[in-house]
Amino acid sequence: MAIDRFSLIRQGEKIAVAVSGGKDSQTVLYLLNKLYGGVTAISIDEGIPSYRDATLEDMKEFCARYSIPYQIHSFEHAFGQKLETFLQRGAPACRSCGVLRRHLLNKHAQGFDKIATGHNLDDECQNVLMNLLKGTLSLASKLGPMSGVMKREGFVQRIKPLYFCSEKEITTYAFLMGFPVRFNECPHATDGFRSAVRDRLNDLEFRQSGTKLRLIENFLMILPALKTIPEGMLRSCTNCGSPSANAVCNACKTVEAFAHA
Amino acid sequence: MHIFIERTNEKKQIHFNGTVVQLLAALKINPEAVIVSRNHELLTEAEHIQTTDEIQILSVVSGG
């Protein structure tokens, strides 16, 4: 299990669990609450119509069922507009959503020792292959069961307890446990490249069982070498104070570019 | 057999007798990408299904 193998959680640590309402986040929240207790669930509401409202309702039901403290923080409250408005103003869907979500998650997880996410074996395999195929292998240094290259002030480290669990295993578990999950995708998840990589990986896994796990085990062997690639100067955003590789963080750049007409 | 494919919100009615993995092959669906249930009971790939069954095919790809 990833938690034991990589010492992802130490005794007494305060853990926030990033939850979207999907099968992965419900599963990781359930398991961490059962194993450690005292976790807090945090959702970021991008305001995606006919999707996010429903998954947040699933999450509320789940947290009530298992008596888990639950926080929801919205794009509209933080940035003055929902994701749809950013997209209407030309922001790239998945990239801007990811930047803004991670920014809010880090902000609201201050005071916690770690943020656990539901990222799984399939996610990691796709990310590794996509970085390799795009020629951005240095970005892969940010992957792995524990994110980040080095500790930085204000950055709450992210961990992936489901690192070795496949999407199929997690879906099976969520189904058998009767979690209130909708098996649907974000309407903006139109990354053709990721879909192509996912489909090819599933084809290979079907033909040669264990392909995904072997890919990740081999990636983990080279990850220490990738982490020696200089990350650049670490600083605080001059606008919001969040950890940033540049003078202004990506979240503030996104808001500046797409939040004002 | 009535089949509901959740990812595409598609309902089909076909005549089929065989295993789950054979049904998925006939529908050109990769077993790695789905789980299959009958009357909300999970089925293994080797399980035999009959033409009178009500089958749900759920995508393991979800979220965004």
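Where is P187(A) found? P187(A) sits in the loop between α8 and α9 of chain A. The model is a predicted one. The text starts from this residue, then moves to chain A, its sheet, and the contact with chain B.

**Around P187(A)**

P187(A) is partly exposed: 13 other C-beta atoms lie within 10 Å. Leaving aside residues up to four places away in sequence, P187(A) touches I48(A) and Y51(A). A further pair links distant parts of the sequence. P187(A) and R52(A) are 135 residues apart in sequence, yet their C-alpha atoms are 10.0 Å apart in space. R52(A) belongs to α3 of chain A, which covers residues 52-65.

**Chain A overall**

Chain A contains 11 helices and 7 strands. Its radius of gyration is 18 Å, close to the 18 Å that the globule rule gives for 261 residues, so chain A is as compact as a globular protein of that length. Along the principal axes, its C-alpha trace spans about 50 × 45 × 40 Å. Of the 261 residues, 38% count as buried. Among contacts in chain A with a separation of 6 or more, 72% come from residues 24 or more positions apart.

**The sheet of chain A**

Five strands of chain A form an open sheet with parallel pairing, in the order β3-β2-β1-β4-β5. The edges are β3 (70-74) and β5 (157-159). Each edge strand has a single partner, so one side of each is left without a neighbour in the sheet. On average, neighbouring strands are turned by 30° against each other, direction ignored.

Inside the sheet, β1 (residues 15-18) and β4 (residues 114-116) of chain A pair in the parallel sense over 3 bridges. V17(A) has A116(A) as its bridge partner in β4(A).

Helices lie across strands in both chains. The table lists three of them.

| Helix | Strands crossed | Angle |
|---|---|---|
| α3(A), residues 52-65 | β2 and β3 of chain A | about 170° to β2(A) |
| α6(A), residues 93-108 | β1, β2, β3 and β4 of chain A | about 145° to β2(A) |
| α8(A) | β4, β5 and β7 of chain B | about 30° to β4(B) |

The entry for α8(A) leads to the other chain.

**Where chain A meets chain B**

How many residues of chain A are in contact with chain B? There are 21, and they are in contact with 14 residues of chain B. On the chain A side, α2 (23-36), α8 (167-177) and α9 (192-207) each supply at least two residues. The largest share, 6 residues, comes from α8(A). By class, this side of chain A has 6 nonpolar, 7 polar and 8 charged residues.

**The sheet of chain B**

What is the strand order in the sheet of chain B? The order is β2-β1-β7-β4-β5, in an open sheet of 5 strands with mixed pairing. Here β2 (10-13) and β5 (41-43) stand at the edges. Each has a single partner strand, so one side of each lacks a neighbour in the sheet. The twist averages 30° from one strand to the next.

Strands β4 (residues 34-38) and β7 (residues 54-59) of chain B pair in the antiparallel sense, over 5 bridges. R38(B) stands opposite I55(B) in β7(B). Both β4 and β7 of chain B are among the strands that α8(A) lies across. The edge strand β5 of chain B is another of them.

Key: Residues are numbered from 1 along each chain as its sequence is written. Chains are lettered from A and ligands numbered from 1 in the order in which they are written. This is a predicted model: local features need pLDDT of at least 70, side-chain atom pairs count only at pLDDT 80 or more; totals for chains, interfaces and linings use all residues. Helices (H or I, at least four residues) and strands (E, at least two) are DSSP runs, numbered from the N terminus. The radius of gyration is taken over C-alpha atoms; the globule rule is 2.2 Å times the number of residues to the power 0.38. A residue is buried if 20 or more other C-beta atoms lie within 10 Å of its own, exposed if 12 or fewer, and partly exposed in between; C-beta atoms are placed from the backbone. Two residues are in contact if their C-beta atoms, placed from the backbone, lie within 7 Å. Ala, Val, Leu, Ile, Met, Phe, Trp, Tyr, Cys and Pro count as nonpolar, Asp, Glu, Lys and Arg as charged, and the others, Gly among them, as polar. Two strands pair if DSSP finds at least two bridges between them. Axes are lines fitted to C-alpha atoms, for helices over the stretch in contact, and angles run from 0 to 180 degrees between N-to-C directions.
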